[in-house]
Amino acid sequence: MTERLRPVVLLAALGLACRPAPVQSMLDPAGPAAARLVDLWWFLLAATGIPTVITLAVIGWALRRRRRGTIGEPARLDLWIIALAGGVIPAGLLLTMLVFSFRVGADTAAPPGEPALDIEVVGHQFWWEVRYPEQDVITANEIHIPVGEPVRIQLRSADVIHSFWVPKLHGKTDLVPGHVNTMWLQADRAGVFRGQCAEFCGVQHALMAFLVVAEPRADFDAWLVRQARPAEEPTDALRRRGREVYFALGCAACHHIKGVTPPLASQATGPDLTHLASRRTLAAATVENNRGNLGGWLVNPQAIKPGNRMPPSMMASADLHALIAFLEALE
Ligand code: CUA
């Protein structure tokens, strides 16, 4: 490879490495709002990209002429070209972009139909509390919705400004302390779509993610019924021991488990654990929810996500096994 080509190849490699993961690429929309937004994205790319390429080509051509000494004083025609290419065309393009943006904004502001249900999402440093108030369901970092039906989402913040963004389903909406913002989501096909906090909110902003699970109505209804149930009583000695460890370590001060812990105001500090084992991820979609990650998270959460609010816990390995068994049964 010649020396001159190396920066181009490096830039291309960087571009490929930085391309959005398929699970959250807004270029692959899965709902009506995102489909509209991607139209705008392609239009803006063309409306800015094509003039940029033409401008660079003209500059290159002029530089060549200048090097050859064939450029003279501007003629009358040149002044017309400057007025057209430097004033009229850019003004027309900017106006078209403005009108198109307003139209897409108006098209995506309201859902296509009456929302099928209400969901509340509360942003915390650095995780998402998810509530289905009519069904008395509280979960975290995983929002289930029925396919093909719009849902209304009310957004609040418990601390600083966050921003709710599921690129495959809709644009961003901020979560502002002391204020409720409302937006909607609709998925036209079943799937798991990753969402991400899109407003810098502190040291773990980048790992404040969540999943939207869109599933057929029957599966969604069954999920909602399971999530509304209280946690089941531990069925064996190991899990009963795990529950004792849970209380002894003080986990109940921050985490609620419906049917196990009495509700405390402080429990909003950490995610509700009633159906922890049913969730796909831990620590706001930072790691997969499996035994190894759960154990690591319980002992030293700061190693997995430095700066999160969960303190480390020193415990005997037998206690850790019991605590994991107790939490793994919270399905
Ligand atoms: Cu929350 Cu960034």
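I began with the pairing of strand 5 and strand 8, and found that they run antiparallel and are joined by five bridges. I keep in mind that this is a predicted model. To pin the pairing to one pair of residues, I looked up Ile 153 and found that its bridge partner in strand 8 is Met 183.

Next I looked up the sheet around these strands, which is open, holds five strands in the order 3-2-1-5-8, and has mixed pairing. Why do strand 3 and strand 8 each have one side without a neighbour in the sheet? I noted that both stand at the edges, each with a single partner strand, so one side of each is left free of a neighbour there. From one strand to the next, the twist averages 25 degrees. I then saw that helix 4 packs on this sheet, where it touches strand 1, strand 2 and strand 3, and that its direction makes about 100 degrees with that of strand 3.

I turned to the other sheet, which is also open, with five strands in the order 4-10-9-6-7 and mixed pairing. Here strand 4 and strand 7 (173–175) stand at the edges, and because each has a single partner strand, one side of each lacks a neighbour in the sheet. Neighbouring strands are turned against each other by 25 degrees on average, direction ignored. For strand 4 and strand 10 I recorded five bridges in the parallel sense, and I noted that Ile 143 has Val 212 as its bridge partner in strand 10. Helix 4 lies across strand 4 and strand 10 and runs at about 135 degrees to strand 4.

Which residues touch the most other members of the largest nonpolar core? Among its 31 residues, I found these to be Tyr 132, Ile 143 and Phe 164. At least two residues of this core come from each of several elements, including strand 2 (127–132), strand 4 (142–146), strand 10 (209–215) and helix 4 (217–228). I also noted a second, separate core of 22 residues, among them Tyr 246, Ile 257, Leu 282 and Ile 324.

Last, I looked at the chain as a whole, which has eight helices and 12 strands. Its radius of gyration is 26 Å, whereas a compact globule of 331 residues would have one near 20 Å, and along its principal axes the C-alpha trace spans about 95 × 50 × 35 Å. Of the 331 residues, 38% count as buried. The chain exposes about 18100 Å², of which carbon and sulfur atoms supply 63%.

How values were computed:
Residues numbered from 1 in each chain as written. Predicted model: local features only at pLDDT ≥ 70, side-chain atom pairs only at ≥ 80, totals over all residues. Heavy atoms only, no water. Core = buried A, V, L, I, M, F, W, Y, C linked by side-chain atoms within 4.5 Å. Buried < 20%, exposed > 50% of the residue type's maximum accessible area, 1.4 Å probe, protein only. Helix = DSSP H or I, 4+ residues; strand = E, 2+ residues; numbered from the N terminus. Pairing = 2+ DSSP bridges. Axes fitted to C-alpha atoms, helices over the stretch in contact; angles between N-to-C directions. Contact = heavy atoms within 4.5 Å. Rg over C-alpha atoms; globule rule 2.2 N^0.38 Å. Areas by Shrake-Rupley, 256 points an atom, 1.4 Å probe, with all protein chains shown as cover.
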